[in-house]
Amino acid sequence: MNIQDIIAKKRDKQELSKEEITYFINSYTKGEVTDYQAAALIMAIYINGMTDEETTELTLAMAYSGDVLDLSSLGEVIDKHSTGGVGDKITLILMPIIASFGIPVAKMSGRGLGFTGGTIDKLESIPGYNTGITIDRFISNVKQNGISLMGQTLNLAPADKKIYALRDTIACTESIPLIASSIMSKKIAAGANKIVIDVTCGSGAFMKTRKEAEELSRIMTSIGKLANRETICIITPMDEPVGYAVGNILEVKEAIDILKNKYMPEDVKDIIQELGANMLMLANKVSSIEEGKELIIENIRNGKAYKKFVDLVRSQGGDISYIEDTDKFEKAKYIVPITAEKDGTITKLDALTIGKLSCYLGAGRQKKEDSINPRVGFVFKKKAGDEVRSGEVLGYIHADDEAKAQEVLKQEFVGIKNGKEPLKWKKN
Ligand code: URA
């Protein structure tokens, strides 16, 4: 077998066999296939697509290209994954809720790349929180406290790491078979028995339309079934940032306020109820989605989820005085108001532009090795559908560089339409 023949076959729109896909993944992981040969094949897949069988074989070959975690000593582990977005702090809120029901939470999360944020960067903005604990401590934390969230220190799905980085440089990110295999290979390698995936859809997501999100969901669910990992995909909107805060410390503070039951943005409530109720169903903790949705909110109200978050931070070396008093977190040097230019209804807070601007302020990274500024980002006071008056403050830019804040103010990321008819926040 040789790689030129495999590239030519996909270039000519033919279906690849299991052996050809496995040969490509193993040889590329070992460095025997070059980046330019892999780039040619990835581009051919991007253009000509893959059948469900090919996507499944690609996923399995990638999943078994490195370590596969055995979490069987923890019982039945239910994992959660998001296809990415802006202001997405759902893991920080939802996983302590899930742990508060006695369901083991053993989750490996990633860092942010490009305009989308990552849970590990957010957790690292809590002083002392160690995302790089050993696998033994990860498992013992779950046994002791029911929850651990760590970074991907193991050699999980190394083929995905290489292919993901390559896709980013050759304009091949938005491909359903490539996204499905990337996500599902990591989930299979991470050892969970059951998986709930938040498939984000809208301007700030990889999937821009409902149709694409449905297709991605269909193929990931089918791969999960074949790999014996029950998988449920939930499509959630990503046209505006999730909640009100965007940026690492700012999102952690918002997640803590929500867990303390200080307030609950309507979109966050909807997402945690949808995903959470499905996770409770998978764990056989409830007999209906409606019952699950009520219990998810109940465990925030009664303080059980907040307590789990405190346990999580303490057990990973984090300073819980920051959780108790979030005013202790560092603040950006400049906090600049964004004001409404006219009376009307907010029609958009564009997630993609806000994500990119947040990155420009320093909250995200362009390359994996870039460092991030945990203090910067946005805190909005309004959501799409809210009425505003001319001159009213819509939110604040948090910046360490005043010139950058002024540059951000010049950009268009808020839409206001004349008229008083409020848009209801609605599912995509
Ligand atoms: N998340 C992933 O892990 N991979 C993709 O390709 C897209 C989102």
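## Strand 4 and its partners

Which residue stands opposite Lys194 in strand 4? The residue is Ile78. Since the structure you have open is a predicted model, please read everything below as a description of that model.

Ile78 belongs to strand 1 (residues 78–82), and strand 1 runs parallel to strand 4, with 5 bridges joining the two. Strand 4 also pairs with strand 5 (residues 230–237), again in the parallel sense, this time over 8 bridges. If you would like a landmark for that pairing, look for Thr200, which stands opposite Thr236 in strand 5.

How many of the residues of strand 4 (residues 194–201) are buried? The count is 8 of 8, so the strand is mostly covered, taking buried as under 20% relative accessible area. Both faces are covered. On one side you will find Lys194, Val196, Asp198 and Thr200, and on the other Ile195, Ile197, Val199 and Cys201.

## The nonpolar cores

Here is a general point to keep in mind: in soluble globular proteins, nonpolar side chains tend to be buried together. In this model, the largest nonpolar core has 51 residues. Ile93, Ile97, Ile126, Ile272 and Ile323 have the most contacts inside this core. Several elements each supply at least two of its residues, among them helix 6 (119–124), strand 3 (147–151), helix 11 (248–259), helix 14 (304–315) and helix 15 (321–324). Helix 5 (90–99) gives the largest share, 8 residues.

Ile272 is a good place to zoom in. Setting aside neighbours within four places in sequence, Ile272 touches Ile90, Ile93, Leu94 and Ile97, along with Met264, Ala277, Ile296, Ile297 and Ile300. There is also a second, separate core of 25 residues, which includes Val86, Ala340, Leu349 and Phe413.

## Helix 12 against helix 13

Two packed helices are described by the angle between their axes and the distance between the axes. For helix 12 and helix 13, the axes come within 8 Å and cross at roughly 115 degrees. The crossing is right-handed.

Which residues of helix 12 meet helix 13? They are Lys269, Ile272, Gln273, Glu274, Gly276, Ala277, Asn278, Leu280 and Met281. Across from them, helix 13 brings Ile289, Gly292, Lys293, Glu294, Leu295, Ile296, Ile297 and Ile300. By type, the residues of this contact divide into 9 nonpolar, 4 polar and 4 charged.

## Helix 16 and the strands around it

Helix 16 (residues 351–361) has Ala351, Ile354, Gly355, Leu357, Ser358, Cys359 and Leu361 buried. What covers these residues includes strand 6 (245–246), strand 8 (344–349), strand 9 (377–380), strand 11 (393–399) and helix 17 (402–410). Just after the helix comes Gly362, with a positive phi near 120 degrees.

Some of these covering strands pair with each other. Strand 6 and strand 9 pair in the antiparallel sense over 2 bridges, and Val246 stands opposite Phe378 in strand 9. Strand 9 and strand 11 also run antiparallel, joined by 4 bridges, and here Phe380 stands opposite Gly395 in strand 11.

Strand 8 takes part in an open, antiparallel sheet of 3 strands, in the order 10-8-12. The edges are strand 10 (387–388) and strand 12 (414–417), each of which pairs on one side only. Strand 8 and strand 10 are joined by 2 bridges, and Gly344 stands opposite Val388 in strand 10.

## Two loop residues with positive phi

Finally, have a look at two loops. Ala171 lies between helix 8 (158–169) and helix 9 (176–189). Its phi is near 55 degrees, a positive value in a residue other than glycine. Is Ala171 buried or exposed? With a relative accessible area of 57%, Ala171 is exposed, because the cut-off for that label is over 50%.

Asn284 sits in the loop between helix 12 (266–282) and helix 13 (289–301). Asn284 is not a glycine, yet its phi is positive, at about 60 degrees. Its relative accessibility is 64%, so Asn284 counts as exposed.

Definitions and conventions. Residues are numbered from 1 along each chain as its sequence is written. This is a predicted model: local features need pLDDT of at least 70, side-chain atom pairs count only at pLDDT 80 or more; totals for chains, interfaces and linings use all residues. Side-chain values use heavy atoms; hydrogens and water are left out. Buried means under 20% relative accessible area, exposed over 50%, partly exposed in between (1.4 Å probe, protein chains only). A nonpolar core is a set of buried Ala, Val, Leu, Ile, Met, Phe, Trp, Tyr and Cys residues joined through side-chain atoms within 4.5 Å. Contact means heavy atoms within 4.5 Å. Two strands pair if DSSP finds at least two bridges between them. Axes are lines fitted to C-alpha atoms, for helices over the stretch in contact, and angles run from 0 to 180 degrees between N-to-C directions. A crossing is left-handed if the near helix is turned anticlockwise from the far one by less than a right angle, and right-handed if clockwise. Ala, Val, Leu, Ile, Met, Phe, Trp, Tyr, Cys and Pro count as nonpolar, Asp, Glu, Lys and Arg as charged, and the others, Gly among them, as polar.
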